[in-house]
Each structure stands twice: as structure tokens, then as C-alpha cells.
Amino acid sequence: VVAQLRAEMRELNDMLRTEQGARKKADDATQDARDRAAGAENRAAALAKALEEREEALNKARGDGDRLRRDLDAASRALADNRAELDRTKAARDAHERQAQRYH
């Protein structure tokens, strides 16, 4: 009877160790999955932040481009005005020279 009880105890101990090993493996696998999920969440958060920063930079660049376009348009108008003024000045000078030649 004692030998049979000892054999059953060994068998139960073996089953317990097997179950504990399986539980440890399951716990380790669960922790690994949690770690991978946390890593994926961190990478996703970093990617989202980088995307947001790029969108902000793009919007800033668009705003800068719009301002530069307006500045260029204003400079073009100022250049056209200056050329017109120069043409008027040259015409007035030429007229003045023609009139001066008539009197000389």
C-alpha cells in the first residue's frame, strides 16, 4: 500500500511539475505577447507623432509658399511700376531734349 501511495505521489508530483511547466510557458508567452504589443503601441505612437510633425511642417511650408508668392507678386507689380516710371522719365527727358534742340 505504501509503495502504491509513493508511486501515486510521484505521479502526482510529475503531473504537478508538468502543469507548472506548462503554466510557466503560458505565462512567459503571455508576457512576450504583452511586450510585443507594448512595443507595437510605442512604434505606432512614434509614427503618429512623426506623421503629425510632418503634416505641421507641410502646412508651414505651404503657408511660407503662399507668402512668398504674394511677395513675388508685389515685387513684380513694383518692378512694373518702376519700369513705367522709368519710361515716363525717359520720355519726359527726350521731350525736354527735343525742345531744347529747337531753341538752340
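Here are short legends for a set of views of this predicted model.

**View 1. The whole chain, one helix and zero strands.**
Start with the big picture: the protein chain has one helix and no strands at all. The radius of gyration comes to 44 Å, well over the 13 Å that the globule rule gives for 104 residues, so the chain is more spread out than a compact globule. Along its principal axes, the C-alpha trace spans about 150 × 15 × 5 Å. The helix, α1, covers residues 2-103.

**View 2. The surface of the chain and how little of it is buried.**
Of the 104 residues, 2% count as buried. The chain exposes about 9600 Å². Carbon and sulfur atoms supply 55% of that exposed area.

**View 3. Charged side chains along the chain.**
How many positive and negative side chains does the protein chain have? There are 23 positive and 22 negative ones. The centres of the two sets lie 4 Å apart. Side chains of opposite charge can pair when their charged atoms come close. In this structure there are nine salt bridges, and the next few views pick out some of them.

**View 4. The start of the chain, at Val1.**
Val1 sits in the segment before α1. Is Val1 buried or exposed? With 80% relative accessibility, Val1 counts as exposed. To get a feel for distance along the chain, look from Val1 to Asp35: these residues are 34 apart in the chain, and their C-alpha atoms are separated by 50 Å.

**View 5. A nonpolar patch at Met9, Leu12 and Met15.**
Three residues, Met9, Leu12 and Met15, make up a nonpolar patch on the surface. Together they have about 320 Å² of accessible area. Leu12, from the patch, lies in helix α1.

**View 6. The salt bridge of Arg17 and Asp14.**
Here the side chains of Arg17 and Asp14 meet, with 2.6 Å from N to O. Why are these two about one helical turn from each other? Because they are three residues apart in helix α1. Asp14 is partly exposed, at a relative accessible area of 40%.

**View 7. The salt bridge of Lys24 and Asp28.**
Another pair meets here: Lys24 and Asp28 join their side chains in a salt bridge of 3.1 Å, N to O. Lys24 and Asp28 are four residues apart in helix α1, so about one helical turn separates them. Lys24 is exposed, with a relative accessible area of 51%, while Asp28 is partly exposed at 35%. The cut-off explains the two labels: exposed means over 50% relative accessible area, and partly exposed runs from there down to 20%.

**View 8. From Gly21 to Gln31 along the chain.**
Gln31 is found in helix α1. With a relative accessible area of 37%, Gln31 is partly exposed. How far is the C-alpha atom of Gln31 from that of Gly21, and what is their separation along the chain? The two atoms are separated by 15 Å, and the residues are 10 apart along the chain.

**View 9. A negative patch at Glu52, Glu53, Glu55 and Glu56.**
Which residues form this negative surface patch? The members are Glu52, Glu53, Glu55 and Glu56. Glu53, for one, has its place in helix α1. At 44% relative accessibility, Glu53 counts as partly exposed.

**View 10. The salt bridge of Arg93 and Asp94, and a network elsewhere.**
The side chains of Arg93 and Asp94 meet in a salt bridge, with 3.5 Å from N to O. Arg93 is partly exposed, with a relative accessible area of 46%. Asp94 is partly exposed too, at 31%. Salt bridges can also share partners: that is how Lys60, Asp64 and Arg67 are joined into one network.

Notes: Residues numbered from 1 in each chain as written. Predicted model: local features only at pLDDT ≥ 70, side-chain atom pairs only at ≥ 80, totals over all residues. Heavy atoms only, no water. Rg over C-alpha atoms; globule rule 2.2 N^0.38 Å. Buried < 20%, exposed > 50% of the residue type's maximum accessible area, 1.4 Å probe, protein only. Areas by Shrake-Rupley, 256 points an atom, 1.4 Å probe, with all protein chains shown as cover. Lys, Arg positive; Asp, Glu negative; His and termini not counted. Charge placed at Lys NZ, Arg CZ, Asp CG, Glu CD. Patch = residues over 30% accessible without salt bridge, like charges linked within 9 Å, V, L, I, M, F, W, Y side chains within 5 Å. Salt bridge = Lys/Arg side-chain N within 4 Å of Asp/Glu carboxyl O.
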